[in-house]
Amino acid sequence: AVLLLFAFPTAYFLAAPYTEALFLFAVVASMYAARTDRWPASGLAGALATGTRVAGLALLPALLVEAWPKVRRFVWIGVACLGVASYLAINLVVHHDMFWFLYVQKTHWSQHAVAPWQTVVDGINDLRHGGAADPTRRFILSSRLVAYAFGVAVLVAGRRALRLADNVYAWAGFVLIVSTSWLISLPRYLIALYPLFFIGARATKSRSAFVMVMIVAIALQVWFSWWYLAGTWTF
């Protein structure tokens, strides 16, 4: 699973100045600590995750599944909420509006909440009505649709291969990610859905399948990395 993660076409963002590496570390640390019954550490790592990205909230239902039925563990899940609570508090103190970041997202990035299937509908419509004329826009829209189809296909196919908590996190995280209007970075956001790579590891147990997947993934990553280093937009 680790090799598949590092070979993923957009995994070069783990070494770039983005939040991917920190967020993935915090999510995995929180889930691992919960699974090994170290709930204080799980709560603190969860707080780091929710403070790094709002999508970290997908951890909460997964941690509830891991904690059940020992209700005393729930207090540490509450600690995981402190990250996003701190971020909202910063917005309130600095801008006098705890949801100021939503205003910035909407006015500067045309981002707002939509139904999780709307991004596919919009992508197809954009490609059909002029979006394909501009190469960069065509690349963005096509990549969005491919990544969406990939995420759904892998999660559906591998649902029985995962623990319940991993399934919950994967689906909750995916739905949160795709429920934004201008989804230009979905291939990058998929890195944080670590259960995808558990499923991939199970699906590539044979050496031939593993080698084939690795060759294709690494080739795509080298291509995208070259574009990124050249200053071209790549997720």
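**Entry 1: helices 3 and 4**

I began with helix 3 (residues 39–52) and helix 4 (residues 59–67) in this predicted model. I found that the two helices pack at an angle of about 170°, and that their axes are 11 Å apart. Because angles over 145 degrees count as roughly antiparallel, I recorded helix 3 as roughly antiparallel to helix 4.

I then looked up the residues that make the contact. Helix 3 contributes Trp-39, Ser-42, Gly-46 and Ala-49, while helix 4 contributes Leu-59, Leu-63, Glu-66 and Ala-67. I noted that these residues divide into 5 nonpolar, 2 polar and 1 charged.

**Entry 2: the loops beside these helices**

I turned to Asp-37, which has its place in the loop between helix 2 (20–35) and helix 3. Its relative accessibility is 47%, and I entered Asp-37 as partly exposed. I also noted that Asp-37 has a positive phi of about 60° although it is not a glycine. From Asp-37 to Ala-67 I read a C-alpha to C-alpha distance of 8.8 Å, with their positions 30 residues apart in sequence. Ala-67 is one of the helix 4 residues in the contact with helix 3.

Next I checked the peptide bond from Trp-68 to Pro-69 and found it to be cis, with omega near 5°. Pro-69 is found in the loop between helix 4 and helix 5 (74–80).

**Entry 3: Glu-20**

I looked up Glu-20, which lies in helix 2. Is Glu-20 buried or exposed? I found a relative accessible area of 1%, so I recorded Glu-20 as buried. Leaving aside neighbours within four places in sequence, I listed Phe-13, Leu-14, Arg-53, Arg-188, Tyr-189 and Ile-191 as the contacts of Glu-20.

**Entry 4: the largest nonpolar core**

I asked which residues touch the most other members of the largest nonpolar core. Among its 50 residues, these are Tyr-169, Leu-186 and Leu-190.

I followed Leu-186 further. Apart from neighbours within four places in sequence, Leu-186 is in contact with Arg-144, Ala-147, Tyr-148, Ile-177 and Val-178.

I then viewed the pairing from the side of Ala-147, a residue of helix 9. Ala-147 is buried, with a relative accessible area of 7%. With neighbours within four places again left aside, Ala-147 is in contact with Leu-186, Pro-187 and Leu-190. I also looked up Ala-147 and Phe-101, which are 46 residues apart in sequence and 26 Å apart in space, C-alpha to C-alpha.

**Entry 5: aromatic rings**

I noted 22 aromatic pairs in the structure. I examined the pair of Phe-139 and Trp-227, which is edge-to-face, with 5.1 Å centre to centre and 65° between the planes. Phe-139 lies in helix 9 (residues 135–157) and Trp-227 in helix 13 (residues 207–229), so the pair ties together parts that are 88 residues apart in sequence.

I compared the accessibility of the two partners. Phe-139 is buried at a relative accessible area of 17%, whereas Trp-227 is partly exposed at 22%. The cut-off for buried is under 20%, which is why I entered Phe-139 as buried and Trp-227 as partly exposed.

I also found that Phe-139 and Trp-227 belong to one aromatic cluster with Trp-223, Phe-224, Trp-233 and Phe-235.

**Entry 6: Phe-235**

I closed with Phe-235, a member of that cluster, which lies in the segment after helix 13. I recorded Phe-235 as buried, at 5% relative accessibility. Its phi is positive, about 70°, although Phe-235 is not a glycine.

Technical notes. Residues numbered from 1 in each chain as written. Predicted model: local features only at pLDDT ≥ 70, side-chain atom pairs only at ≥ 80, totals over all residues. Heavy atoms only, no water. Core = buried A, V, L, I, M, F, W, Y, C linked by side-chain atoms within 4.5 Å. Buried < 20%, exposed > 50% of the residue type's maximum accessible area, 1.4 Å probe, protein only. Contact = heavy atoms within 4.5 Å. Axes fitted to C-alpha atoms, helices over the stretch in contact; angles between N-to-C directions. Parallel < 35°, antiparallel > 145°, perpendicular 65-115°, else oblique. Nonpolar A, V, L, I, M, F, W, Y, C, P; charged D, E, K, R; others polar. Phe/Tyr/Trp six-rings, centres within 6.5 Å; stacked < 30°, edge-to-face > 60°.
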